[in-house]
Amino acid sequence: MCGIVAYVGHRQAHMIVIKGLKRLEYRGYDSAGIALLNGGLTVHKKKGKVSDLEESIKGKYLQSTIGMGHTRWATHGEPTDGNAHPHFSSDKKLAIIHNGIIENYSTLKQELLNKGHTFLSETDTEVLIHFVEDIKDHNDCTLEEAVRLALTKVVGAYAIVVMSVDDPTVLIAARKGSPLVLGVGKDEYFMASDATPIVEYTKEVIYLNDHEIAVIKDGQLSIKNTANLPLTPYIQTVDLELEAIEKGGFEHFMLKEIFEQPRSIKDCMRGRLDSLSGSLILGGLRDYTTKLFNAERILIVACGTSWHAGLVAEYFFEEFCRIPVEVEYASEFRYRNPIIREGDVVIAISQSGETADTLAAIELAKSKGAIIFGVCNVVGSSIARATHAGAYTHAGPEIGVASTKAFTAQLTVLSMIALIVAQRKGTIAEKKLQELLVEMENIPAKVEKALSLNEKIKKIAWTFKDARNFIYLGRGYNFPVALEGALKLKEISYIHAEGYPAAEMKHGPIALIDEEMPVVFIATRDSSYEKVVSNIQEVKARKGRVISIVTEGDDTIPKMSEFVIEVPAVHEALMPLVSVIPLQLLSYHIAVMRGCNVDQPRNLAKSVTVE
Ligand code: G6P
């Protein structure tokens, strides 16, 4: 939530900042702003997209080699020009951008109001910069020290950058709970919420840790922590190519990411799985592997689509490893004093690796002595660093707000983890393991085949684009797929959709079915096939409009369905990797036909760094 970018060096800062904000727009897009130092501290801000800001500053004097910008996802105060960042101190000599929430802002605000401060916005961020100003004025200290002292009093999460008219070469950045990456170029520095605005200039980055403050002054970088101890910067090389963060000829990032799946699933298995030699290795499980084999229970914590991946993993782990699994919404888990016993292992799943609730759930589980495994996509992200061990999904940057390729990569990694555990525990027969490994290697080709149904799915989308409701039903491994299909549709087309276990339908949702209700069945050939056929009959009997995802060659369900989408046959435990593809495409096309902003749906953000 909220993206921040800053630059100091020899280039025109506004160009880098605006371009960077566009790359970070997936983090929030309700208003944007930029601060530059040219004569004085100039701030331009605008409600709307970064392109609206860009339009509004055309023709303005923007020359500056130092600057910072922000794209907002509103928490405190509506999206307006005034609430957009950057925010000034009262003397307008300092400006700040901020991603996160200052939880004690109202107490601080009251103290500052008593001292005569006035505020121009409703944000917690403006309070923070006034607080820094107040400390600086009353302690006669440097800006750096004032920022540090302020942060020791602040409760909440932040990634901030501060600029000052009196220190024209200085950028001060700090983080706690919200991500911040520094790019180190030749005589220039970059700062951003993730590495995507940085990689076209430099691959050398520093991931700032919680409670760290970075100061760039006169071209020199120093890092300390909020306890004032100097730290040695740890520079890493980020492995991210520019084409991975561009649309590459596709109309939307979401479509590009859907079509990338054969490759991203292959990338996820590369060097890890080889059916010929029967080898299955995940280096990241490291020294904690034995803990996982010996787990008496696995708790999976995640949010959104990642939670759906967790549900599939529950079926997979229980079937093949015979370990009981509980899948928890991170936001519920963290607030209900969960029971964590010795022998429990927690798996945290997160595409961004920054989801605040998942991060908090990890910290809670850690404090109770649990061992935590992470399944993350973003390398170096907060969750990846907070866990004891784990495996990256290697899906590449996912920019469309609705998660697609990250989901299938999560399923791939989780299946590999489960099979490693099952092999080691001896809960899977060698022959079965071998069969599943071969099946996994064939998944990219089968996903490719499912993608070839695009045109057909587009036609189905046209028929249902004006529907007001949808129901998605599936059983077994396809039940979480039904949830995911419904979520995709809701997120980007704003059509109300319910995902349900097909059999549970008769305990409620069946009342919704009439001749106008589209019902999507994920009805591939598996152990519950016959039961799903009966569920389809129940919907048909009530005149529902049936759209079925079936296995190639099925000659029963097509007779009962208005529309049929045939996917290749796959072992049922791996079917979600294939059966989800038509649902991603269906939601995509319906959203495009309804004129929705597919990559940036209203009210959503890709990286939810507030609870
Ligand atoms: C947001 C995104 C979803 C995502 C969820 C969890 O709601 O819009 O696409 O599934 O967060 O995010 P994570 O990065 O932890 O997987």
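Which backbone has a polar atom 2.9 Å from an oxygen atom of the ligand? Thr305 does. That is where I will start today. One caution before we go on: this is a predicted model.

Let's stay with the ligand and its oxygen contacts. At Thr305, the contact comes from a polar backbone atom. At Ser306, the side chain takes part: one of its N or O atoms is 2.5 Å from a ligand oxygen. Thr355 also uses its side chain, with a polar atom 2.4 Å from an oxygen atom of the ligand. How much of the ligand does the protein cover? On its own, the ligand has 390 Å² of accessible area, and the protein covers 91% of that.

Now the surroundings. The ligand sits in the second largest pocket. Around it are 14 residues. Ser306, Ser350, Gln351, Ser352 and Thr355 are the closest. What classes make up this shell? Count 8 polar residues, 4 nonpolar and 2 charged. Which element gives the most? Helix H9 does, spanning residues 304–321 and giving 3 residues to the shell.

That's the ligand. Next, the backbone, and some spots worth a look on your screen.

Start with some background. Most peptide bonds are trans, and most residues other than glycine have a negative phi. Keep that in mind for the next three stops.

Stop one is a peptide bond. His85 and Pro86 are joined by a cis bond, with omega at about 0°. Where is Pro86? Look in the loop that runs between strand E4, residues 66–72, and strand E5, residues 87–88.

Stop two is Lys92. Its phi is positive, near 60°, and Lys92 is not a glycine. Find Lys92 in the loop between E5 and strand E6, which covers 94–102. Its relative accessible area is 42%. Partly exposed means between 20% and 50%, so Lys92 is partly exposed.

Stop three is Asp187. Here too phi is positive, about 55°, in a residue that is not a glycine. Asp187 lies in a loop as well, between strand E9 at 181–185 and strand E10 at 188–192. Is Asp187 buried or exposed? The cut-off for exposed is over 50%. Asp187 has a relative accessible area of 60%, so it is exposed.

To recap. The ligand sits in the second largest pocket, with Ser306 and Thr355 among the closest residues. The cis bond joins His85 and Pro86. Positive phi values turn up at Lys92 and at Asp187.

Methods
Residues are numbered from 1 along each chain as its sequence is written. This is a predicted model: local features need pLDDT of at least 70, side-chain atom pairs count only at pLDDT 80 or more; totals for chains, interfaces and linings use all residues. Side-chain values use heavy atoms; hydrogens and water are left out. A residue is near a molecule or strand if one of its heavy atoms lies within 4 Å of it. A polar contact is a pair of N or O atoms within 3.5 Å; within protein, one must be able to donate a hydrogen and the other to accept it, and residues adjacent in sequence count only if both atoms are side-chain atoms. Accessible areas come from the Shrake-Rupley method with a 1.4 Å probe; for residues, only the protein chains shown count as cover. On a 1 Å grid over the protein atoms alone, a cavity is a set of points where a 1.4 Å probe fits but cannot get out, and a pocket is an open set with protein on both sides within 12 Å along at least five of seven lines; lining residues have an atom within 4 Å of a point. A molecule sits in a cavity or pocket if more than half of its atoms lie within 2 Å of its grid points. Helices (H or I, at least four residues) and strands (E, at least two) are DSSP runs, numbered from the N terminus. Ala, Val, Leu, Ile, Met, Phe, Trp, Tyr, Cys and Pro count as nonpolar, Asp, Glu, Lys and Arg as charged, and the others, Gly among them, as polar. Buried means under 20% relative accessible area, exposed over 50%, partly exposed in between (1.4 Å probe, protein chains only).
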